[in-house]
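Biologist: I am new to this structure. Could you show it to me and explain the terms as we go?

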Amino acid sequence: MRLALDEAALALRGGDVPVGAVVLAPDGTLLAAGHNEREATGDPTAHAEVLAIRRAAARLGQWRLTGCTLVVTLEPCTMCAGALVQSRVDRVVYGARDDKAGAAGSLWDVVRDRRLNHRPEVVGEVLAEDCARVLTDFFRDR
């Protein structure tokens with residue numbers, strides 16, 4: 001989670017909401033990282049999770065991220081939760097809950113929907129206070 005928080009700090013520099021994500025390989029090594037880049041790129045899909053997933057898939061040379069873990073500072077939204085299911089990530093670890101848009105158990109539970117063909121394990125609220133503080137400070141200052 002500390003690596004994901006480092007990525008969130010990079011998003012701040014670009015004027016984006018400070019969310020960071022990393023993808024860990026099955027052996028726990030860092031495979032890829034990403035942070036929000038919507039403002040920097042003008043791309044509405046440039047969420048930290050999506051960028052980290054794309055980079056991990058490119059590095060592996062395949063779209064299936066079986067055995068991998070995505071660690072993100074904020075609970076994934078519906079778009080990112082869908083990308084996690086589609087990429088076959090085995091585990092999602094998130095920091096702060098997102099009661100307004102979270103799709104890993106807060107508002108929705110897309111990643112564990114029994115109707116879908118893949119359901120990653122979810123571990124929530126890891127370093128939740130640290131992750132929430134970064135977001136709270138950002139929105140307070142805005």
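Modeller: What follows takes one helix and then a few strands of this predicted model.

Biologist: How do you know that the length of helix α3 agrees with its number of residues?

Modeller: Helix α3 covers residues 48-60, which is 13 residues. At 1.5 Å a residue the expected span is 18 Å, and the end C-alpha atoms are 18 Å apart, so the two values agree.

Biologist: Which residues of α3 are called buried, and what covers them?

Modeller: Buried means under 20% relative accessible area. In α3 that applies to Ala 48, Glu 49, Val 50, Leu 51, Ala 52, Ile 53, Ala 56 and Ala 57. Their cover includes the strands β1 (20-24), β2 (30-35) and β3 (69-74), together with α4 (78-87). After α3 comes Gly 61, with a positive phi near 75°.

Biologist: Why is strand β4 called largely enclosed?

Modeller: Strand β4 runs over residues 91-96, and five of its six residues are buried, so the rest of the structure largely encloses it.

Biologist: What makes β3 and β4 a pair?

Modeller: Two strands pair if there are at least two bridges between them. β3 and β4 have five, in the parallel sense, so they meet that definition. One of the bridges joins Val 71 to Val 93 of β4. From β3 the chain passes through α4 to β4, a β-α-β crossover that is right-handed.

Biologist: How many bridges link β4 and β5?

Modeller: Three, again parallel, with β5 being residues 121-123. Three bridges satisfy the cut-off of at least two, so β4 and β5 pair as well. Here Val 93 has Val 123 of β5 as its bridge partner.

Note on methods
Residues are numbered from 1 along each chain as its sequence is written. This is a predicted model: local features need pLDDT of at least 70, side-chain atom pairs count only at pLDDT 80 or more; totals for chains, interfaces and linings use all residues. Side-chain values use heavy atoms; hydrogens and water are left out. Helices (H or I, at least four residues) and strands (E, at least two) are DSSP runs, numbered from the N terminus. The expected span of a helix is 1.5 Å times one less than its number of residues. Buried means under 20% relative accessible area, exposed over 50%, partly exposed in between (1.4 Å probe, protein chains only). Contact means heavy atoms within 4.5 Å. A crossover is right-handed if, with the strands pointing away from the viewer, the path from the first strand over the helix to the second runs clockwise.
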